[in-house]
Amino acid sequence: MYSDAVIRHALDASRAGELVPHGAVGRAGDAACGDTVEIELRVEDDTVTEARHRSLACPHGTAAAALLCELVEGRDLLDAARIGQSDLDAALTPREGNRECLAVAVDALHAAIAAALQDGRLPLADGRIAVAMSGGVDSAVALLKAVEAGHEPVGVTLRLWIDPAAPDSERACCSPSSVRAARSACHALDVPHVTLDLREGFRRAVVEEFVGAHRRGLTPNPCVRCNGSFRFDALIGFADRIGAPRLATGHYARVVRRDGRALLARGADPAKDQSYMLASVSTEILARVWFPLGEQHKTATRAEARQAGLAAAGRAESQEVCFVGGGDHRDFLARHGGAGPAGEIVDEAGRVIGMHEGVHRFTAGQRRGLGVGGGPALYVLRTETATGRVVAGDRSKLAVRRVRVSPGEVFVPVDHALVRLRYRGAPVPARVVPAGDGFELELEEPAYGVAAGQAAVLYDGDTVVGAGRIASSGASVR
Amino acid sequence: MSSVYLDHAATSPLCTEAQEAMEPFLSSRFGNPSEPHRMGREARTAIEGARRTMAELLGCRPEQIVYTSGGTEADNQAVFGLCGRPLGRLVCSVIEHPAVRAPAEELARQGFEVGWAPVDVNGVIDPAAFAELVRADDRVACAMWANNVTGVVQPVAELAAIAASHGVPLHVDAVQAAASIPISFAASGAETMALSAHKVQGPKGVGALIARDPGRLRPLIWGGGQEAGHRSGTENVPGIVGFAAALAASRERRDGRRRLRDRLEAGVGAVPVVSAGASRLPGHVLLRIDGLRADLVVLALDEAGYEVSAGSACSAGSMEPSAALVAQGMTPDEARAVIRVTIGPHTTGAEIDGFLEALRAIVLRLRSGALA
């Protein structure tokens with residue numbers, strides 16, 4: 001049923017319609033009920049001077065849209081980004097089950113704010129800092145630290161593409177529910193929050209690249225690529241537009257200076273260190289980045305979240321590639337044309353020892369899923385996309401002593417480094433030799449399960465001194 | 001400002017005849033009909049008189065009427081009572097009121113097989129499809145006399161003949177139809193039929209199940225053995241008396257609803273009338289206000305002093321477009337744009353004209369804020 005306030009605002013048509021000429025438009029739809037709301041903002045000197053709404057929505061959604069237009073007028077853009085669900089709850093007093101019906105209008109307002117910010121550029125403000133918010137506990141605590149440090153934080157969430165056919169696309173981070181969690185984490189601290197809808201760009205830059213690389217028989221690391229050439233570019237671009245000199249994220253990593261250059265370093269928590277995933281972020285961006293959680297352990301983060309009563313304290317986190325949306329990335333590939341042909345499993349002599357359902361399901365060093373019983377343990381040595389064959393053999397045959405990294409970059413001159421050849425892989429000491437558009441690594445001890453397409457990250461102590469993509473590898477040092 | 005009530009299908013005002021008939025049983029004549037003393041005997045006489053009146057009006061024998069707490073209980077009693085145990089199969093039209101559909105779905109959860117009979121684009125149960133679905137060992141087939149949302153009158157006699165040819169009992173929900181159609185149980189060919197008093201200008205809280213043989217139905221409610229053991233619980237004496245009085249009065253009343261409906265439909269201009277091609281209850285008009293949500297239009301009409309209802313209702317975050325409207329081929333957005341206007345016996349032409357004017361203004365105003 002409807003509260004009196006819902007009825008009054010739903011029937012108040014004074015801000016229904018459109019602006020002439022048009023302003024910044026935001027549109028949101030609720031998949032569950034089919035309601036759609038559009039909100040349009042006229043922004044002059046970074047202040048919302050006029051707002052209008054159009055909708056195909058129930059009385060709750062319509063009332064929410066009308067009220068948001070009323071609330072947003074007269075506010076500057078960042079102050080407008082403080083408006084959220086709790087403002088509606090207070091003014092419209094919906095019953096518990098109807099709170100969801102208001103959310104679609106909040107999404108529309110925030111889409112309009114993002115569109116308005118896209119069009120303009122706020123003047124530089126010294127203490128301002130953009131804080132990347134995922135909806136999870138790490139970014140919520142990073143935000144808390146930014147507030148406590150006396151900064152002027154502005155939360156930003158990238159809404160990225162998630163496979164709509166995935167088993168639990170709604171639970172993945174960057175899903176609409178994560179966006180709402182991120183927004184309410186900001187609003188709980190009276191911090192503005194902006195959502196950037198980058199679904200299409202992300203799909204093209206990261207997802208298609210991932211599928212394509214698999215099709216070419218590589219084992220890509222989409223997170224390294226995303227951070228290096230998509231996510232941080234988008235975040236720093238946002239920081240620029242809102243006049244923020246700096247950017248904070250909730251990653252477990254640190255930024256150190258060497259020879260006046262900003263370099264990445266391992267986070268203090270060895271179990272959570274995310275420096276490998278961030279290794280491709282450019283030094284120009286790192287110079288402006290702050291990782292508030294870099295000096296602490298995850299357990300401390302959880303404790304701080306609980307102590308501060310943050311809603312995100314209890315949120316589960318996912319480790320799988322975000323756009324896969326739950327389930328297995330192999331099933332994702334099968335759904336999106338990245339599946340390789342089915343074929344034979346052969347030994348090194350070319351003898352057929354089994355059959356498999358698709359080369360995309362295998363990567364060098366993999367032991368599970370071969371389904372070849374009896375005899376000594378077998379490992380995938382390599383996959384051949386052209387013939388559809390998976391070559392399996394003894395683990396000793398996986399030993400790699402030489403790795404070519406291309407493209408790759410050594411940030412500070414080093415002869416030797418510890419190299420990490422996959423996420424959570426043990427670092428191996430290596431000689432580093434510049435070569436072509438990357439470098440060659442001569443490993444001082446063998447590495448196993450080295451797959452083309454993965455990232456190679458060089459460490460000097462805790463500091464990341466180089467990174468690139470593994471192009472090929474070999475058993476012997478020349 | 002007093003409002004104009006145009007939602008008679010939801011419920012109808014208590015008529016004077018029913019009110020007067022009930023009055024003594026709400027005050028001085030409060031006896032329990034199971035008691036042998038004078039007060040008890042008076043009450044007993046009253047409900048048995050009501051039963052005879054209704055039997056005569058409805059074309060059945062008095063002992064075939066079992067009074068219930070309302071239409072929903074009567075429907076539940078019929079469906080569960082006829083299906084019984086062991087597990088088996090039943091047929092149910094896709095447009096049944098939730099009082100029939102939900103019991104069928106519950107039986108499906110328990111392991112029954114349910115054959116769902118479809119409707120055509122006007123919302124009429126398709127007899128050919130119905131005939132193909134019904135099988136000789138079905139426990140019951142359910143088809144309503146007239147749909148509560150659309151008002152579309154169903155080919156009940158034809159469906160009953162089909163069911164009978166397989167020896168399958170037909171349950172007919174006549175709750176909505178009884179306000180407008182001189183229902184005859186005997187002529188319908190139904191095995192069981194459900195009625196509700198408040199839809200025929202009687203009181204709320206009383207209904208009736210008419211059964212060819214009530215003894216065939218295992219009771220839902222057990223207790224003191226009232227209603228010949230078919231439905232325990234002290235009888236709702238004022239309710240039953242009011243029900244009979246209201247039904248009798250409805251059969252006497254001159255019905256101007258069809259004429260008012262024509263007037264309304266002639267005045268809506270380009271607004272589509274739902275199920276216009278079907279035989280409908282005389283007071284029923286469904287209008288599809290494309291581009292708007294019906295529940296918003298309903299609120300705006302209410303503000304303007306006209307009480308109507310939405311064809312589909314939103315419940316707590318999840319929008320359920322009316323099953324009856326979707327079943328006849330509407331998209332969810334179309335189903336959610338339907339408002340239901342139901343005219344009563346005392347509705348006037350001036351009220352219809354006022355409604356039309358209010359609707360025009362509201363549609364104009366709300367469409368200015370609609371998505372292109």
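How many bridges join S13(A) to strand S14 (residues 389-393) of chain A, and do these strands run parallel or antiparallel? In the predicted model described here, 5 bridges join S13(A) to S14(A), and the two strands run antiparallel. Within this pairing, Tyr379(A) has Gly393(A) of S14(A) as its bridge partner. The two strands belong to an open sheet of 4 strands, which has the order S12-S11-S14-S13 in chain A and mixed pairing. At the edges of this sheet stand strand S12 (352-356) and strand S13 (379-384) of chain A, each with a single partner strand, so that one side of each is left without a neighbour in the sheet. On average, and with direction ignored, neighbouring strands of this sheet are turned by 30 degrees against each other.

The sheet is one part of a chain that contains 13 helices and 20 strands. Taken along the principal axes, the C-alpha atoms of chain A fill a box of roughly 80 × 50 × 45 Å. For 478 residues, a compact globule would be expected to have a radius of gyration near 23 Å, and the 25 Å found for chain A agrees with this.

A further open sheet of chain A consists of 5 strands in the order S6-S5-S4-S7-S10, with parallel pairing. Its edge strands are strand S6 (193-197) and strand S10 (289-290) of chain A, each of which pairs on one side only. Strand S4 (residues 128-132) and strand S5 (residues 152-159) of chain A are joined by 5 bridges and run parallel, and in S5(A) the bridge partner of Val131(A) is Gly155(A). Helix H6 (residues 137-148) of chain A packs on this sheet, where the helix touches S4, S5 and strand S7 (246-248) of chain A, and the direction of H6(A) makes about 170 degrees with that of S4(A).

Antiparallel pairing is also found for strand S16 (residues 416-420) of chain A, which is joined by 4 bridges to strand S17 (residues 428-435) of chain A; here Ala417(A) has Ala430(A) of S17(A) as its bridge partner. S16(A) is likewise joined by 3 bridges to strand S19 (residues 455-460) of chain A, again in an antiparallel arrangement, and in this pairing Val419(A) stands opposite Leu458(A) of S19(A).

Among the helices of chain A, H2(A) and H5(A) pack at an angle of about 40 degrees, with their axes 7 Å apart. The two helices are therefore oblique to each other, and their crossing is right-handed. On the side of H2(A), the contact is made by His60(A), Gly61(A), Ala64(A), Ala65(A), Leu68(A) and Val72(A), while H5(A) contributes Cys101(A), Leu102(A), Val104(A), Ala105(A), Val106(A), Ala108(A) and Leu109(A). By class, the residues of this contact divide into 11 nonpolar, 2 polar and no charged.

With regard to the second chain, 24 residues of chain A are in contact with 20 residues of chain B. On the side of chain A that touches chain B, two or more residues each are given by helix H1 (4-10), strand S2 (36-44), strand S3 (47-56), helix H2 (59-72) and helix H5 (99-119) of chain A. S3(A) gives the most to this side, with 4 residues. The side of chain A that touches chain B comprises 13 nonpolar, 8 polar and 3 charged residues.

Key: Residues are numbered from 1 along each chain as its sequence is written. Chains are lettered from A and ligands numbered from 1 in the order in which they are written. This is a predicted model: local features need pLDDT of at least 70, side-chain atom pairs count only at pLDDT 80 or more; totals for chains, interfaces and linings use all residues. Two residues are in contact if their C-beta atoms, placed from the backbone, lie within 7 Å. Ala, Val, Leu, Ile, Met, Phe, Trp, Tyr, Cys and Pro count as nonpolar, Asp, Glu, Lys and Arg as charged, and the others, Gly among them, as polar. Axes are lines fitted to C-alpha atoms, for helices over the stretch in contact, and angles run from 0 to 180 degrees between N-to-C directions. Angles under 35 degrees count as roughly parallel, over 145 as roughly antiparallel, 65 to 115 as roughly perpendicular and the rest as oblique. A crossing is left-handed if the near helix is turned anticlockwise from the far one by less than a right angle, and right-handed if clockwise. Two strands pair if DSSP finds at least two bridges between them. The radius of gyration is taken over C-alpha atoms; the globule rule is 2.2 Å times the number of residues to the power 0.38.
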